[in-house]
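Take a look at the structure below. The report that follows walks through its strands, its helices and its contacts with DNA.

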2 protein chains.
Amino acid sequence: MTSDADKALDKAVEVLRLDRQLCFALYSAANRVTRLYRPLLDALGLTYPQYLAMLVLWEHSPRTVGEMGQALDLESSTLTPLLKRLEGAGLIARSRDPDDERRVIISLTDAGDAMRDQALDVAEQFFCKLDTPLPELVDLRERLKRLAV
Amino acid sequence: MTSDADKALDKAVEVLRLDRQLCFALYSAANRVTRLYRPLLDALGLTYPQYLAMLVLWEHSPRTVGEMGQALDLESSTLTPLLKRLEGAGLIARSRDPDDERRVIISLTDAGDAMRDQALDVAEQFFCKLDTPLPELVDLRERLKRLAV
DNA sequence: AACGATTTAATCGCGCACGATATAACTTCA
DNA sequence: TGAAGTTATATCGTGCGCGATTAAATCGTT
(Lines give C-alpha, C1' and ligand atoms only; values in the text may rest on other atoms or scores of the structure.)
Protein backbone atom coordinates (compact mmCIF):
# COMPACT_ATOMS: atom_id res chain seq x y z
CA MET A 1 0.00 0.00 0.00
CA THR A 2 1.05 3.61 -0.52
CA SER A 3 1.57 6.01 2.35
CA ASP A 4 0.09 9.49 2.60
CA ALA A 5 3.56 10.88 1.98
CA ASP A 6 3.75 8.93 -1.26
CA LYS A 7 0.38 10.26 -2.35
CA ALA A 8 1.47 13.81 -1.60
CA LEU A 9 4.59 13.26 -3.68
CA ASP A 10 2.54 11.87 -6.56
CA LYS A 11 0.33 14.94 -6.41
CA ALA A 12 3.41 17.15 -6.46
CA VAL A 13 4.83 15.32 -9.46
CA GLU A 14 1.54 15.66 -11.28
CA VAL A 15 1.11 19.38 -10.61
CA LEU A 16 4.67 20.12 -11.67
CA ARG A 17 4.27 18.02 -14.80
CA LEU A 18 1.10 19.85 -15.80
CA ASP A 19 2.79 23.16 -15.10
CA ARG A 20 5.72 22.14 -17.22
CA GLN A 21 3.47 21.02 -20.04
CA LEU A 22 1.30 24.11 -20.09
CA CYS A 23 3.99 26.73 -19.55
CA PHE A 24 6.36 25.02 -21.88
CA ALA A 25 3.71 24.66 -24.60
CA LEU A 26 3.16 28.42 -24.57
CA TYR A 27 6.81 29.36 -24.26
CA SER A 28 7.84 26.95 -26.96
CA ALA A 29 5.03 27.83 -29.37
CA ALA A 30 6.00 31.50 -29.14
CA ASN A 31 9.63 30.62 -29.87
CA ARG A 32 8.61 28.40 -32.79
CA VAL A 33 6.48 31.11 -34.35
CA THR A 34 9.32 33.60 -34.07
CA ARG A 35 11.66 31.11 -35.76
CA LEU A 36 9.05 30.46 -38.46
CA TYR A 37 8.82 34.18 -39.21
CA ARG A 38 12.55 34.82 -39.24
CA PRO A 39 13.35 33.69 -42.80
CA LEU A 40 10.27 35.54 -44.11
CA LEU A 41 11.09 38.75 -42.28
CA ASP A 42 14.76 38.65 -43.24
CA ALA A 43 13.62 39.75 -46.70
CA LEU A 44 12.17 42.91 -45.12
CA GLY A 45 15.06 43.42 -42.72
CA LEU A 46 12.67 43.23 -39.77
CA THR A 47 12.75 41.24 -36.55
CA TYR A 48 9.54 39.66 -35.30
CA PRO A 49 8.85 42.29 -32.59
CA GLN A 50 9.61 45.00 -35.15
CA TYR A 51 7.09 43.37 -37.50
CA LEU A 52 4.46 43.43 -34.74
CA ALA A 53 5.18 47.12 -34.18
CA MET A 54 4.81 47.79 -37.90
CA LEU A 55 1.51 45.85 -37.99
CA VAL A 56 0.23 48.16 -35.27
CA LEU A 57 1.28 51.21 -37.25
CA TRP A 58 -0.16 49.90 -40.51
CA GLU A 59 -3.52 49.66 -38.76
CA HIS A 60 -3.32 53.20 -37.48
CA SER A 61 -0.62 55.83 -37.68
CA PRO A 62 0.54 58.10 -36.14
CA ARG A 63 0.52 56.97 -32.54
CA THR A 64 2.46 57.99 -29.46
CA VAL A 65 5.03 55.70 -27.85
CA GLY A 66 2.63 55.19 -24.97
CA GLU A 67 -0.22 54.17 -27.27
CA MET A 68 2.04 51.69 -29.00
CA GLY A 69 3.08 50.36 -25.62
CA GLN A 70 -0.56 49.77 -24.77
CA ALA A 71 -1.24 48.13 -28.13
CA LEU A 72 1.78 45.82 -27.83
CA ASP A 73 1.75 45.44 -24.04
CA LEU A 74 5.37 46.57 -23.84
CA GLU A 75 7.28 49.00 -21.63
CA SER A 76 9.03 52.06 -23.01
CA SER A 77 12.29 50.37 -22.02
CA THR A 78 11.58 47.78 -24.70
CA LEU A 79 9.86 50.02 -27.20
CA THR A 80 12.19 53.02 -27.30
CA PRO A 81 15.26 51.12 -28.59
CA LEU A 82 13.11 49.08 -31.00
CA LEU A 83 11.54 52.24 -32.44
CA LYS A 84 14.94 53.87 -32.76
CA ARG A 85 16.03 50.93 -34.89
CA LEU A 86 12.93 51.25 -37.08
CA GLU A 87 13.74 54.95 -37.38
CA GLY A 88 17.30 54.07 -38.34
CA ALA A 89 15.90 51.78 -41.02
CA GLY A 90 13.89 54.72 -42.39
CA LEU A 91 10.52 53.09 -41.76
CA ILE A 92 9.17 55.44 -39.12
CA ALA A 93 9.69 58.99 -37.86
CA ARG A 94 9.87 60.01 -34.19
CA SER A 95 8.90 63.54 -33.19
CA ARG A 96 7.86 65.28 -29.99
CA ASP A 97 4.20 66.23 -29.71
CA PRO A 98 4.07 70.07 -29.78
CA ASP A 99 0.95 69.99 -27.57
CA ASP A 100 2.72 67.92 -24.92
CA GLU A 101 6.47 67.74 -25.16
CA ARG A 102 6.56 64.61 -23.00
CA ARG A 103 4.95 62.58 -25.76
CA VAL A 104 6.81 61.18 -28.77
CA ILE A 105 4.75 60.67 -31.90
CA ILE A 106 5.56 57.72 -34.13
CA SER A 107 4.51 58.01 -37.75
CA LEU A 108 5.12 55.87 -40.82
CA THR A 109 7.46 57.22 -43.45
CA ASP A 110 6.67 56.64 -47.11
CA ALA A 111 9.07 53.69 -47.04
CA GLY A 112 7.31 52.30 -43.96
CA ASP A 113 3.94 52.68 -45.62
CA ALA A 114 5.22 51.07 -48.82
CA MET A 115 6.46 48.01 -46.94
CA ARG A 116 2.88 47.10 -46.21
CA ASP A 117 2.51 45.30 -49.52
CA GLN A 118 5.51 43.07 -48.88
CA ALA A 119 4.20 42.42 -45.37
CA LEU A 120 1.05 41.03 -46.91
CA ASP A 121 3.14 38.43 -48.72
CA VAL A 122 4.87 37.57 -45.46
CA ALA A 123 1.58 37.07 -43.66
CA GLU A 124 0.26 34.83 -46.41
CA GLN A 125 3.44 32.74 -46.51
CA PHE A 126 3.23 32.40 -42.75
CA PHE A 127 -0.32 31.01 -42.91
CA CYS A 128 0.87 28.56 -45.56
CA LYS A 129 3.73 27.45 -43.32
CA LEU A 130 1.38 27.05 -40.38
CA ASP A 131 -0.84 24.75 -42.43
CA THR A 132 -3.65 25.02 -39.89
CA PRO A 133 -7.37 25.58 -40.66
CA LEU A 134 -8.49 29.15 -40.08
CA PRO A 135 -11.20 28.29 -37.49
CA GLU A 136 -8.60 26.47 -35.40
CA LEU A 137 -6.39 29.58 -35.50
CA VAL A 138 -9.26 31.87 -34.56
CA ASP A 139 -10.19 29.59 -31.68
CA LEU A 140 -6.61 29.51 -30.44
CA ARG A 141 -6.42 33.28 -30.69
CA GLU A 142 -9.51 33.68 -28.49
CA ARG A 143 -8.20 31.26 -25.88
CA LEU A 144 -4.86 33.04 -25.77
CA LYS A 145 -6.52 36.42 -25.42
CA ARG A 146 -8.37 35.16 -22.36
CA LEU A 147 -5.25 33.75 -20.71
CA ALA A 148 -3.71 35.64 -17.80
CA VAL A 149 -5.26 39.01 -18.68
CA MET B 1 -19.33 50.70 -56.33
CA THR B 2 -15.91 49.48 -55.23
CA SER B 3 -13.07 48.80 -57.63
CA ASP B 4 -11.02 45.64 -57.81
CA ALA B 5 -8.11 47.57 -56.33
CA ASP B 6 -10.25 48.53 -53.35
CA LYS B 7 -11.25 44.92 -52.84
CA ALA B 8 -7.60 43.81 -52.95
CA LEU B 9 -6.75 46.45 -50.37
CA ASP B 10 -9.59 45.32 -48.12
CA LYS B 11 -8.33 41.75 -48.39
CA ALA B 12 -4.83 42.91 -47.48
CA VAL B 13 -6.08 44.82 -44.48
CA GLU B 14 -8.02 41.78 -43.31
CA VAL B 15 -5.14 39.32 -43.68
CA LEU B 16 -2.73 41.65 -41.89
CA ARG B 17 -5.24 42.24 -39.11
CA LEU B 18 -5.74 38.51 -38.56
CA ASP B 19 -2.01 37.97 -38.62
CA ARG B 20 -1.52 40.72 -36.10
CA GLN B 21 -4.23 39.31 -33.87
CA LEU B 22 -3.01 35.73 -33.88
CA CYS B 23 0.72 36.41 -33.65
CA PHE B 24 0.23 39.11 -31.11
CA ALA B 25 -2.07 36.93 -28.99
CA LEU B 26 0.63 34.29 -28.74
CA TYR B 27 3.49 36.72 -28.25
CA SER B 28 1.62 38.70 -25.67
CA ALA B 29 0.28 35.67 -23.75
CA ALA B 30 3.82 34.33 -23.45
CA ASN B 31 5.02 37.70 -22.12
CA ARG B 32 2.10 37.89 -19.69
CA VAL B 33 2.78 34.43 -18.29
CA THR B 34 6.45 35.29 -17.79
CA ARG B 35 5.43 38.45 -15.94
CA LEU B 36 2.95 36.47 -13.85
CA TYR B 37 5.65 34.04 -12.79
CA ARG B 38 8.26 36.65 -12.00
CA PRO B 39 7.14 37.61 -8.47
CA LEU B 40 6.64 33.92 -7.61
CA LEU B 41 10.04 32.89 -8.93
CA ASP B 42 11.83 35.81 -7.31
CA ALA B 43 11.43 33.91 -4.04
CA LEU B 44 13.45 31.04 -5.53
CA GLY B 45 15.93 33.31 -7.28
CA LEU B 46 14.99 31.78 -10.65
CA THR B 47 14.05 33.31 -13.98
CA TYR B 48 11.22 31.80 -15.98
CA PRO B 49 13.46 29.95 -18.49
CA GLN B 50 15.58 28.71 -15.57
CA TYR B 51 12.40 27.44 -13.91
CA LEU B 52 11.48 25.54 -17.09
CA ALA B 53 14.95 24.00 -17.14
CA MET B 54 14.58 22.95 -13.50
CA LEU B 55 11.14 21.45 -14.22
CA VAL B 56 12.77 19.32 -16.90
CA LEU B 57 15.45 18.16 -14.47
CA TRP B 58 12.97 17.48 -11.67
CA GLU B 59 11.21 15.10 -14.03
CA HIS B 60 14.39 13.29 -14.90
CA SER B 61 18.02 13.87 -13.94
CA PRO B 62 20.77 13.62 -15.03
CA ARG B 63 20.53 14.63 -18.66
CA THR B 64 23.03 15.89 -21.19
CA VAL B 65 22.93 19.46 -22.50
CA GLY B 66 21.72 18.10 -25.81
CA GLU B 67 18.87 16.18 -24.21
CA MET B 68 17.83 19.31 -22.34
CA GLY B 69 18.01 21.25 -25.57
CA GLN B 70 15.63 18.77 -27.16
CA ALA B 71 13.29 18.86 -24.17
CA LEU B 72 13.21 22.67 -24.11
CA ASP B 73 13.62 23.24 -27.86
CA LEU B 74 16.61 25.51 -27.27
CA GLU B 75 20.07 25.82 -28.81
CA SER B 76 23.25 25.30 -26.85
CA SER B 77 23.94 29.00 -27.36
CA THR B 78 20.93 29.68 -25.12
CA LEU B 79 21.27 26.74 -22.79
CA THR B 80 24.97 26.84 -21.94
CA PRO B 81 24.94 30.28 -20.29
CA LEU B 82 21.62 29.53 -18.56
CA LEU B 83 23.00 26.27 -17.13
CA LYS B 84 26.17 28.01 -16.01
CA ARG B 85 24.02 30.43 -14.02
CA LEU B 86 22.12 27.53 -12.43
CA GLU B 87 25.48 25.96 -11.63
CA GLY B 88 26.61 29.25 -10.09
CA ALA B 89 23.46 29.22 -7.96
CA GLY B 90 24.43 25.75 -6.72
CA LEU B 91 21.33 24.05 -8.12
CA ILE B 92 22.96 21.82 -10.74
CA ALA B 93 26.35 20.29 -11.51
CA ARG B 94 27.97 20.18 -14.96
CA SER B 95 30.44 17.42 -15.77
CA ARG B 96 31.86 15.89 -18.95
CA ASP B 97 30.60 12.41 -19.82
CA PRO B 98 33.58 10.05 -19.39
CA ASP B 99 32.20 7.81 -22.18
CA ASP B 100 32.07 10.73 -24.61
CA GLU B 101 33.99 13.81 -23.63
CA ARG B 102 31.95 15.94 -26.04
CA ARG B 103 28.87 15.55 -23.88
CA VAL B 104 28.21 17.56 -20.72
CA ILE B 105 26.05 15.88 -18.10
CA ILE B 106 23.70 18.07 -16.07
CA SER B 107 22.65 16.70 -12.69
CA LEU B 108 20.69 18.17 -9.80
CA THR B 109 22.60 19.01 -6.64
CA ASP B 110 21.00 18.37 -3.25
CA ALA B 111 20.00 22.04 -3.19
CA GLY B 112 18.48 21.74 -6.65
CA ASP B 113 16.55 18.65 -5.64
CA ALA B 114 15.38 20.31 -2.44
CA MET B 115 13.99 23.31 -4.34
CA ARG B 116 11.36 21.01 -5.83
CA ASP B 117 9.07 21.46 -2.82
CA GLN B 118 9.11 25.24 -3.12
CA ALA B 119 8.53 24.90 -6.84
CA LEU B 120 5.35 23.03 -6.10
CA ASP B 121 4.08 26.05 -4.18
CA VAL B 122 4.97 28.27 -7.11
CA ALA B 123 3.07 26.08 -9.56
CA GLU B 124 -0.01 26.05 -7.33
CA GLN B 125 0.09 29.82 -6.84
CA PHE B 126 0.42 30.23 -10.58
CA PHE B 127 -2.72 28.19 -11.24
CA CYS B 128 -4.53 30.30 -8.66
CA LYS B 129 -3.40 33.47 -10.40
CA LEU B 130 -4.48 32.11 -13.78
CA ASP B 131 -7.96 31.46 -12.43
CA THR B 132 -8.85 29.29 -15.42
CA PRO B 133 -10.63 25.91 -15.33
CA LEU B 134 -8.29 22.96 -15.75
CA PRO B 135 -10.00 21.55 -18.89
CA GLU B 136 -9.60 24.90 -20.60
CA LEU B 137 -5.87 24.85 -19.79
CA VAL B 138 -5.47 21.28 -21.03
CA ASP B 139 -7.27 22.16 -24.23
CA LEU B 140 -5.08 25.21 -24.75
CA ARG B 141 -1.98 23.11 -24.13
CA GLU B 142 -3.01 20.62 -26.83
CA ARG B 143 -3.72 23.35 -29.36
CA LEU B 144 -0.38 25.02 -28.66
CA LYS B 145 1.47 21.72 -29.00
CA ARG B 146 -0.02 21.28 -32.46
CA LEU B 147 0.93 24.78 -33.61
CA ALA B 148 3.91 25.19 -35.92
CA VAL B 149 5.54 21.89 -34.98
C1' DA C 1 3.19 82.07 -9.24
C1' DA C 2 4.97 78.02 -6.98
C1' DC C 3 5.67 73.67 -5.42
C1' DG C 4 4.62 68.87 -4.97
C1' DA C 5 2.53 65.03 -7.52
C1' DT C 6 1.87 62.76 -11.77
C1' DT C 7 2.82 61.44 -16.45
C1' DT C 8 5.81 60.29 -20.44
C1' DA C 9 10.01 58.63 -22.42
C1' DA C 10 14.54 57.38 -22.03
C1' DT C 11 18.51 54.94 -19.87
C1' DC C 12 20.83 51.10 -17.69
C1' DG C 13 21.82 46.33 -16.37
C1' DC C 14 20.66 41.54 -16.71
C1' DG C 15 19.16 37.41 -18.84
C1' DC C 16 17.42 35.29 -22.55
C1' DA C 17 17.06 33.38 -27.86
C1' DC C 18 19.34 32.62 -31.82
C1' DG C 19 22.40 32.54 -36.07
C1' DA C 20 27.10 32.13 -37.19
C1' DT C 21 31.16 30.35 -35.95
C1' DA C 22 34.73 27.80 -33.32
C1' DT C 23 36.69 23.85 -30.97
C1' DA C 24 37.30 19.54 -29.44
C1' DA C 25 35.94 14.67 -29.46
C1' DC C 26 34.23 10.96 -31.85
C1' DT C 27 33.27 8.13 -36.25
C1' DT C 28 34.08 6.40 -40.84
C1' DC C 29 36.40 4.43 -44.17
C1' DA C 30 39.92 4.28 -47.40
C1' DT D 1 46.36 4.56 -39.12
C1' DG D 2 45.00 8.79 -40.54
C1' DA D 3 42.37 12.14 -43.04
C1' DA D 4 37.74 13.68 -43.78
C1' DG D 5 33.35 14.09 -41.99
C1' DT D 6 30.15 14.35 -38.10
C1' DT D 7 28.59 15.50 -33.48
C1' DA D 8 28.37 18.03 -28.90
C1' DT D 9 29.13 22.01 -26.64
C1' DA D 10 30.84 26.70 -26.25
C1' DT D 11 31.56 31.58 -27.78
C1' DC D 12 30.20 35.90 -29.81
C1' DG D 13 27.22 39.64 -31.49
C1' DT D 14 22.50 41.46 -31.99
C1' DG D 15 18.02 42.40 -30.44
C1' DC D 16 14.63 41.90 -27.32
C1' DG D 17 11.81 42.29 -22.47
C1' DC D 18 11.68 44.15 -18.21
C1' DG D 19 12.51 46.17 -13.45
C1' DA D 20 14.62 50.11 -11.50
C1' DT D 21 15.82 54.57 -12.06
C1' DT D 22 16.12 59.19 -14.19
C1' DA D 23 14.73 63.48 -16.48
C1' DA D 24 11.70 66.49 -18.22
C1' DA D 25 7.06 68.23 -19.01
C1' DT D 26 2.49 68.82 -17.30
C1' DC D 27 -1.10 69.09 -13.82
C1' DG D 28 -3.29 70.41 -9.36
C1' DT D 29 -3.63 72.95 -5.41
C1' DT D 30 -3.00 76.55 -2.89
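## The hairpin of chain A

In which sense do strand β2 (residues 92-97) of chain A and strand β3 (residues 100-108) of chain A pair? They pair in the antiparallel sense, over six bridges. Keep in mind that this is a predicted model.

The two strands, β2(A) and β3(A), make a hairpin. Two residues sit between them. Look at individual partners next. Arg94(A) has Ile106(A) in β3(A) as its bridge partner. Ser95(A) faces Ile105(A), which also belongs to β3(A).

## The sheet of chain A

The hairpin strands belong to an open sheet of three strands. In chain A the order is β1-β3-β2, and the pairing is antiparallel. Which strands lie at the edges? They are β1 (63-64) and β2 of chain A, and each of them pairs on one side only.

## The sheet of chain B

Now turn to chain B. Here, too, three strands build an open sheet. Their order is β1-β3-β2, with antiparallel pairing. The edge strands are β1 (63-64) and β2 of chain B. Each has a pairing partner on one side only.

How many bridges join β2(B) and β3(B)? There are six, and the two strands pair in the antiparallel sense. Within this pair, Ile92(B) stands opposite Leu108(B) of β3(B).

## Helices that cross

In chain A, look for α2(A) and helix α3 (residues 65-72). They pack at an angle of about 110°, and their axes are 11 Å apart. Angles of 65 to 115 degrees count as roughly perpendicular. So α2(A) and α3(A) are roughly perpendicular to each other. Is their crossing left-handed or right-handed? The crossing of α2(A) and α3(A) is right-handed.

In chain B, helix α2 (residues 48-59) packs against α3(B). The angle is about 110°, and the axes lie 11 Å apart. This pair, α2(B) and α3(B), is therefore roughly perpendicular. The crossing of α2(B) and α3(B) is right-handed.

## Around DNA strand D

How many residues surround DNA strand D? The count is 28. The closest are Tyr27(B), Arg35(B), Thr80(B), Lys84(B) and Arg94(B). Sorted by class, the surface near DNA strand D has 12 charged, 10 polar and six nonpolar residues.

Which parts of DNA strand D lie within 4 Å of the protein? Of those atoms, 71% belong to sugar or phosphate. The rest belong to bases.

## Polar contacts with the DNA

Zoom in on single side chains. In chain A, a polar side-chain atom of Thr47(A) is 2.7 Å from a phosphate oxygen of DNA strand D. Gln50(A) also has a polar side-chain atom 2.7 Å from a phosphate oxygen of this strand. In chain B, the side chain of Ser76(B) places an N or O atom 2.8 Å from a base nitrogen of DNA strand D.

Which elements give two or more residues to the surface near DNA strand D? From chain A they are α2 (48-59), α4 (76-88) and β3. From chain B they are α1 (4-42), α3 (65-72), α4 (76-88), β2 (92-97) and β3 (100-108).

Key
Residues numbered from 1 in each chain as written. Chains lettered and ligands numbered in written order. Predicted model: local features only at pLDDT ≥ 70, side-chain atom pairs only at ≥ 80, totals over all residues. Heavy atoms only, no water. Pairing = 2+ DSSP bridges. Helix = DSSP H or I, 4+ residues; strand = E, 2+ residues; numbered from the N terminus. Near = heavy atom within 4 Å. Polar contact = N/O pair within 3.5 Å; in protein donor to acceptor, adjacent residues only side chain to side chain. Nonpolar A, V, L, I, M, F, W, Y, C, P; charged D, E, K, R; others polar. Axes fitted to C-alpha atoms, helices over the stretch in contact; angles between N-to-C directions. Parallel < 35°, antiparallel > 145°, perpendicular 65-115°, else oblique. Left-handed = near helix turned anticlockwise from the far one by under 90°.
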